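Please find below a short note for a colleague who has not yet seen this structure. The points take up the DNA surface, one helix and the nonpolar core in turn.

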Amino acid sequence: MEFSSGGGAGGGGNDVELLSKTLQVEHKLFYFDLKENPRGRYLKISEKTSATRSTIIVPFNGIAWFFDIFNYYVTSDDQDISSKELQLDSKVFYFDIGENRRGRFLKVSEASVSRNRSTIIVPAGSNRDEGWSAFRNILEEINETSKLFVSPKQQNSEDSTQERLVGLSDDVGAGFIAGNSSQSVPIAASDLNLGDRTTTFDLPPSSSDESGGFGVSKVIRADQKRFFFDLGSNNRGHYLRISEVAGSDRSSIILPLSGLKQFHEMVGHFVEITKDRIEGMTGANVRNVDPPQR
DNA sequence: ACGGCAA
């Protein structure tokens, strides 16, 4: 549902509305409008109170990230939640927790080079963060439903060749994957829809060639743990999956190949600064073993 | 029925 802002041009008023949802939290009303114009799709989230309104614009490929972050705030313990930053295209979203006499709230700010910063504030809700979880559930619905819309060929031309993911400040993505450890071994290389959200790197175009060691699998053992290294690819590009397997539990990180060199350098850095402690262990406790059967 | 933030 659109605000009665006169539907003026330039503010997206002529854009096609694909999906609209509203959410009331306490006395606030949130509008979620999935919209489309020749430049692509976006999610407009507006907060309306009796006196004020405020709007943020989430790029289409950021909806899943927003879901992840709200899920993080809903599911994390109060004492170890922290602020988050999410960069999408040319804008940065800041997520900060605040509290006042009315209760806890999550402040979501959008900063872009051109426009003024805009902010919405989502009340946690009276019991068990039901405001935040309702917000999260709507993001999930929108994310799911939006997959059903088939994008016209001429639209999202830049996104159809490459869904551009960009970074998240710290552990948001990785934390969710680590928590998803109930899957059984093995995991097919194609079943990664959430996994590649662990990325903090830009992904290469998926049009890159399909050869180059695809299917290579390696295992190392360190103490009681085994780590599997598998190359794979999905619609967002090629990646290296590193899985830690213990019993029937497995958790993975998904590393886009564009980040592999940085990853290597980072590991090398820690090898360097810890080499006094790990000297002599390399051959004994870390060794190559046979690749897994797939 | 609130009303936070505000670079």
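1. The model is predicted. Around DNA strand B, the surface residues comprise three nonpolar, nine polar and five charged ones. In total, 17 residues surround this strand, and Glu26, His27, Arg102, Phe105 and Thr119 are the closest. Two or more residues each are supplied by strand S6 (91-100), strand S7 (103-112) and strand S8 (118-123). The most come from S7, which gives four residues.

2. Helix H2 spans residues 130-146, 17 residues in number. The distance from its first C-alpha to its last is 24 Å, close to the 24 Å expected at 1.5 Å a residue.

3. Where do the buried residues of H2 lie around its axis? The residues concerned are Gly131, Trp132, Phe135, Arg136, Leu139 and Ile142. They are on the same side of H2, because the arc they cover around the axis is only 135°. An α-helix has 3.6 residues a turn, so residues three or four places apart point the same way. The cover over these buried residues includes strand S1 (16-25), strand S2 (28-37), strand S3 (40-48), helix H1 (63-75), S7 and S8.

4. The largest nonpolar core has 31 residues, of which Leu43 and Phe70 touch the most other members. Elements that give two or more residues to this core are S2, S3, H1, strand S5 (84-88), S6, S7, S8 and H2. H1 provides the largest share, nine residues.

5. Leucine 43 merits a separate remark. Apart from its neighbours within four places in sequence, leucine 43 is in contact with Phe32, Leu34, Val58, Phe60, Ile63 and Ile142. Of these contacts, Ile142 is one of the buried residues of H2.

Conventions. Residues numbered from 1 in each chain as written. Chains lettered and ligands numbered in written order. Predicted model: local features only at pLDDT ≥ 70, side-chain atom pairs only at ≥ 80, totals over all residues. Near = placed C-beta within 6 Å. Nonpolar A, V, L, I, M, F, W, Y, C, P; charged D, E, K, R; others polar. Expected span 1.5 Å × (residues − 1). Buried ≥ 20, exposed ≤ 12 C-beta atoms within 10 Å, placed from the backbone. Arc of directions from axis to C-beta. Contact = placed C-beta atoms within 7 Å. Core = buried A, V, L, I, M, F, W, Y, C linked by C-beta atoms within 7 Å.
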